[in-house]
Amino acid sequence: MLLALLGAALGLLAFALIADEVVEGETHAFDEAVLLAFRTPGDPANPLGPPWLEIIMRDVTALGSTTVLTLITFIVAGFLAMDGKRAAALFVLVATAGGGLLSYALKLGFERPRPDLVAHLVDVSTLSFPSGHAMGAAVTFLTLGVLLVRTESRRRIKAYALAVAVGLTLLVGFSRIYLGVHWPTDVLAGWCAGGAWALLCWILVLLLQRRGKVESAGTAGTDTSATDDPPPRKAS
């Protein structure tokens with residue numbers, strides 16, 4: 001828990017430092033250099049790499065969309081509920097919804113416009129800071145990952161869940177930079193804020209488990225829809 005608190009504090013501190021630099025305009029040179037690094041020299045409308053890479057990036061970035069993240073959240077919550085872990089399912093819904101609202105509030109607070117340095121390879125209409133896709137992916141995937149870690153007893157599944165959560169979060173954020181719809185500092189800030197939120201959720205679920213409010217690994221709720229066959233009767 002102390003490590004999680006430290007990680008959350010570092011994530012919030014990193015977000016605050018990035019936000020302060022963005023407001024003061026100190027990150028402009030860095031943002032421009034990184035965006036242009038993913039474009040053909042002299043042609044900011046043409047991304048580096050073969051055409052199929054752009055298609056892949058468009059598909060990957062959809063994993064961080066509100067629609068996809070909402071579907072994943074409900075699917076996981078439904079699975080937990082069917083597994084008898086109803087409190088954990090409710091926690092998933094509340095944690096991801098809260099993170100989404102926080103991301104929206106931060107966008108309104110900073111009101112940073114989208115990059116106009118390179119061509120946008122996908123349509124966008126909202127504000128830029130922090131990246132909603134990067135933060136949403138971090139909030140959803142990392143929160144689900146840490147929750148699975150707390151509700152699973154097998155180490156291989158724990159490691160797999162965390163690796164997938166971190167990998168998807170990084171891929172979604174990287175795709176936003178490649179597609180030219182976010183400044184790199186937007187994505188970094190989204191990762192920091194989303195990671196801090198996930199760690200705070202991990203701490204909260206740990207406390208709730210200790211109080212018996214959320215199911216722990218190897219436990220289930222009161223689901224009795226599936227009954228076991230009765231043991232055979234001993235012959236007299």
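Q: What share of the contacts in the protein with a separation of 6 or more comes from residues 24 or more positions apart?
A: In this predicted model, residues 24 or more positions apart account for 78% of the contacts with a separation of 6 or more. A contact here requires heavy atoms within 4.5 Å. The protein has 236 residues, of which 40% count as buried.

Q: Which elements make up the secondary structure of the protein, and in what order do they run?
A: The secondary structure comes to eight helices and two strands, and from the N terminus on the order is α-α-β-β-α-α-α-α-α-α.

Q: Why are strand 1 and strand 2 said to pair?
A: Pairing calls for at least two bridges between the strands, and strand 1 (residues 39-40) and strand 2 (residues 43-47) are joined by two bridges in the antiparallel sense, so the condition is met. One of the bridge partnerships is that of Thr-40 with Asp-43 in strand 2. The hairpin has two residues between the strands, and Gly-42 takes a positive phi near 85° there.

Q: What makes the contact of Asp-31 with Arg-112 a salt bridge?
A: The closest N and O atoms of Asp-31 and Arg-112 are 2.9 Å apart, and because the rule asks for a side-chain nitrogen of Lys or Arg within 4 Å of a carboxyl oxygen of Asp or Glu, the pair qualifies. This salt bridge links distant parts of the chain, with Asp-31 in helix 2 (residues 28-37) and Arg-112 in the loop between helix 5 and helix 6, 81 residues apart. Both Asp-31 and Arg-112 are buried, and they are linked with Asp-186 in a network of salt bridges.

Q: How many salt bridges does the rule give in total?
A: The count comes to four salt bridges, among them the one between Asp-31 and Arg-112.

Q: Why do Arg-58 and Glu-54 fall into the classes of accessibility that they do, given that their side chains meet in a salt bridge?
A: The salt bridge of Arg-58 and Glu-54 has an N to O distance of 2.7 Å, and both residues lie in helix 3 (residues 51-61), four residues apart, or about one turn of the helix. Glu-54 has a relative accessibility of 18% and therefore counts as buried, since the class of buried residues is set at under 20%. Arg-58, with a relative accessible area of 38%, is partly exposed, because that class lies between the 20% limit for buried and the 50% limit for exposed.

Q: How do you know which of Lys-85 and Asp-83 is buried and which is partly exposed?
A: Lys-85 has 5% relative accessibility, so it counts as buried, whereas Asp-83 has a relative accessible area of 36% and is therefore partly exposed. The closest N and O atoms of this salt bridge are 3.6 Å apart, which lies within the limit of 4 Å.

Q: Why is Ser-128 called buried, and which residues does it touch?
A: Ser-128, in the loop between helix 5 and helix 6, has 0% relative accessibility and so counts as buried. Leaving out residues up to four places away in sequence, Ser-128 touches Lys-107, Arg-112, Pro-113, Arg-114, Pro-115, Val-181, His-182, Trp-183 and Asp-186. Lys-107 is 21 residues from Ser-128 in sequence, and the C-alpha atoms of the two residues are 6.8 Å apart in space.

Q: What makes Glu-111 and the bond between Phe-129 and Pro-130 worth noting?
A: Most residues other than glycine have a negative phi, and most peptide bonds are trans. Glu-111, however, has a positive phi near 50°, and the peptide bond that joins Phe-129 and Pro-130 is cis, with omega about -10°. Glu-111 lies in the loop between helix 5 and helix 6, and Pro-130 has its place in that loop as well. At 56% relative accessibility Glu-111 counts as exposed, because the limit for that class is over 50%.

Q: What lines the largest pocket, and which helix supplies the largest share of the lining?
A: The largest pocket holds about 750 Å³ of space. It is lined by 32 residues, and Gly-64, Ser-65, Thr-66, Gly-132 and His-133 are the closest to its centre. Helix 4 (66-82), helix 5 (86-110) and helix 6 (132-151) each supply at least two residues of the lining, and the largest share, ten residues, comes from helix 5.

Q: How many residues of the lining of the largest pocket are nonpolar, polar and charged?
A: The lining of the largest pocket divides into twelve nonpolar, 16 polar and four charged residues. Glycine belongs to the polar class under this rule, so Gly-64 and Gly-132, which are in the lining, count as polar.

Terms used: Residues numbered from 1 in each chain as written. Predicted model: local features only at pLDDT ≥ 70, side-chain atom pairs only at ≥ 80, totals over all residues. Heavy atoms only, no water. 1 Å grid on protein atoms, 1.4 Å probe; cavity = no way out; pocket = protein on both sides within 12 Å on 5 of 7 lines; lining within 4 Å. Points joined across faces, edges and corners; volume = space filled by probe spheres on them. Buried < 20%, exposed > 50% of the residue type's maximum accessible area, 1.4 Å probe, protein only.
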